[in-house]
Each structure stands twice: as C-alpha cells, then as structure tokens.
Amino acid sequence: MEITILGSGCGIPSLSHSAPGVLIRYHGAPFLIDSGCGTLVRLLKAGIHYTALNDIFYTHTHSDHSGDLAPLIQALRTTPGYQRTSPLRLYGPESFADFLRCLSQAYGAWITDPGFPFIIRELKQDLFKVGELQVSTRAMLHSNDAIGYRFDSPDGRAVVYSGDTDYSSEIIELAQSCDVLILECSFGETDKISGHLTPREAAEIAYQSNCQKLVLTHFYPPQDKLFLEIRSVIPQIYLGELIIAHDGLRIFL
Ligand SMILES: [Zn+2]
Ligand SMILES: [Zn+2]
C-alpha cells in the first residue's frame, strides 16, 4: 500500500498546506479520500490522472473536504476526446445523496446525471469490500454525520483516516492496531475548538489505538506554534513513529 497526503491543511488558503485529500494506492488502483480545492491538480502531481479514479470516499461535506467534487465530475464529462463508460462510485456520510442533489440545483442536473454510470453509497458504521481492500467506517465527532475510514489490505496492512473529529471512542476503535493512523490535529491546547483535535488528544488516540505510525494533518495557519507543541507533547504520551504531514508526503507500507 502507498499513501500520499495530497493536502495537509484545512479550509484556510495556505501556500504550504493545501485543503484535505488523501490518496491510497494498492496494486496500482487509486482510492481518493476527500477532495478539497486543488486536489485534482495535486493528484496529477502525484502521478494519478483524474480519469483513473473509480472510487472516491468522503468523510463529510464541509467545503474544505469536498470543494473539488463538482469540478471532478465536470472534468470527467467534458474532457475532449474522453468518453467515460466505467462507473464512478462515490462513498459518503448519510446526507451525501442530498448534498449531491443540492449541488445539482446549483450547477445543473449533470452533477447527478453526468452521462456515465454514477453510484452513490451512504455510510455510517459499515464494513464492505472495494476492489481488494476491506473498508470500514465509524461516525466521527465533528459535523452531524462525519465518518472516518479504515482500509485493510489482503496482506494484513491497515490505514485509518479520521477526516475531521474531536476526541472519541469511535476513532480509537476504528484505528485499533493499524499500521498508519492519519489524524487531524487542528489547534493547540490553548486554542482548542470543539470538533477538532489538539496534539494531546491526538496522542491519546494514537496511544489507545496502538497504531504503528501517527501522521498528523489538517493544520490551520500559522502552524509554527502548533508544530512545536506537537513535537513536545506527543512523544510524552505516544511512543510510536510521529510524522507531521506536508503536501505530497508519501508513505509506503
Ligand atoms: Zn476540515
Ligand atoms: Zn469539517
């Protein structure tokens, strides 16, 4: 499995940390999770053409995580010389079909009827297979119906991505003994905002879940003070490998 952090920031424009997007590749098949603004371009930089996407997973519909969804559908139906016939499968939280209906009211009926097969699957606490990967989801503590994802490969590797969340037992359960835990870590202890994690909370989740590697992402600028807090607080609680994500970070496992 190969993981690429396409965007390590949030909804605040930043030259160093872009809006959220995570790419997982397994035996060449790309799986995209979230697509904040600019994800399609960063996907090209990572060597994946948007026409190669068949399965896209959304943690929630906040625009920093979903901003490039309408542009993706538009690109797939209007790329000169390209006629898509394979289905595009979109996975998202419980209100996801409604969200797409609202987008189609704003942009046009082509959002949900783009001229190629289009499948929407709404998730809460689910377990299913996509290609060779087993996918499991749990509710996260953020917006109404945010979910986190776990991807297990047949060779026994597991990656978990929280999307946005506050501290919860669900993310600890979802991440049990995984190889790579990608957690949001938005604010320091003194700037804590409900619905997001501080370094201490992220460390507690990593420790409780017994993950091998902790990758932190979803940083709000300016990040310098937060990064100092991450480096000082986390090793006191969590003894596994700590990685502070940057755009384009690749992890092989
Ligand atoms: Zn976010
Ligand atoms: Zn959010």
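Trainee: What relative accessibility does Arg-101 have?
Mentor: Buried means under 20% relative accessible area, exposed over 50%, and partly exposed in between (1.4 Å probe, protein chains only). Arg-101 counts as partly exposed. Its relative accessibility is 46%.

Trainee: What kind of model is this?
Mentor: Residues are numbered from 1 along each chain as its sequence is written, while chains are lettered from A and ligands numbered from 1 in the order in which they are written. Side-chain values use heavy atoms, leaving out hydrogens and water; local features need pLDDT of at least 70, side-chain atom pairs count only at pLDDT 80 or more, totals for chains, interfaces and linings use all residues, and the model is predicted.

Trainee: Which residue forms a salt bridge with Arg-101?
Mentor: A salt bridge needs a side-chain nitrogen of Lys or Arg within 4 Å of a carboxyl oxygen of Asp or Glu. Here the closest N and O atoms are 2.7 Å apart. The partner is partly exposed, with a relative accessible area of 43%. The partner of Arg-101 is Asp-98.

Trainee: How far apart along helix α4 are Asp-98 and Arg-101, in helical turns?
Mentor: Helices are DSSP runs of H or I with at least four residues, strands are runs of E with at least two, and both are numbered from the N terminus. An α-helix has 3.6 residues a turn, so residues three or four places apart point the same way. Asp-98 and Arg-101 are three residues apart, so their separation is about one helical turn.

Trainee: Where does Asp-191, the salt-bridge partner of Lys-225, lie?
Mentor: The N to O distance of this pair is 3.8 Å. Lys-225 sits in helix α7 (residues 224–237), 34 residues from Asp-191. Lys-225 is exposed at 54%, and Asp-191 is partly exposed at 39%. Asp-191 lies in the loop between β11 (180–184) and α6 (199–209).

Trainee: Which residues does the salt-bridge network join?
Mentor: The structure holds twelve salt bridges. Some share partners and form one network. The network joins Glu-2, Arg-25 and Arg-250.

Trainee: How many residues separate Arg-25 and Glu-2?
Mentor: Their salt bridge has its closest N and O atoms 3.4 Å apart. The pair links strand β2 (residues 21–26), holding Arg-25, with strand β1 (residues 2–7), holding Glu-2. Arg-25 and Glu-2 are both buried. Their separation along the chain is 23 residues.

Trainee: Which are the edge strands of the sheet that contains β1?
Mentor: Strands pair if DSSP finds at least two bridges between them. This open sheet has seven strands in the order β6-β5-β4-β3-β2-β1-β14, with mixed pairing. Each edge strand pairs on one side only: they are β6 and β14 (249–252).

Trainee: Which residue of β14 is the bridge partner of Ile-3?
Mentor: β1 and β14 pair in the antiparallel sense. They do so over four bridges. The bridge partner of Ile-3 is Ile-251.

Trainee: Why is one side of β7 and of β13 left without a neighbour?
Mentor: Their open sheet has seven strands in the order β7-β8-β9-β10-β11-β12-β13. β7 (127–130) and β13 (241–244) stand at its edges, so each has a single partner strand.

Trainee: What angle does α7 make with β13?
Mentor: Axes are lines fitted to C-alpha atoms, for helices over the stretch in contact (heavy atoms within 4.5 Å), and angles run from 0 to 180 degrees between N-to-C directions. α6 lies across β11 and β12 (213–217), at about 155° to β11. α7 lies across β12 and β13. Its angle to β13 is about 175°.

Trainee: Which residues of helix α3 are buried?
Mentor: Helix α3 spans residues 69–78. Its buried residues pack against elements including α1 (39–45), α2 (63–66) and β5 (88–92). They are Leu-69, Ala-70, Leu-72, Ile-73, Ala-75 and Leu-76.

Trainee: What geometry has the site of the zinc ion (ligand 2)?
Mentor: Donors are N, O and S atoms within 2.8 Å of the metal (3.2 Å for Na, K and Ca), and sites may look incomplete as water is not among the atoms. His-60 (NE2), His-62 (ND1), His-142 (NE2) and Asp-164 (OD) coordinate this ion at 2.1 to 2.4 Å. Four donors count as tetrahedral if all angles lie between 85 and 135 degrees; four count as square planar and six as octahedral if opposite donors are over 155 degrees apart and all others between 65 and 115; anything else is irregular. The angles here are 91 to 171°, and the site is irregular.

Trainee: Which residue bridges the two zinc ions?
Mentor: The zinc ion (ligand 2) and the zinc ion (ligand 1) lie 3.5 Å apart. The bridging residue is Asp-164.

Trainee: How many residues apart in sequence are the parts tied together by His-60 and Asp-164?
Mentor: Both residues are buried. His-60 lies in the loop between β4 and α2, and Asp-164 in the loop between β10 (158–161) and α5 (169–174). So the pair ties together parts whose separation in sequence is 104 residues.
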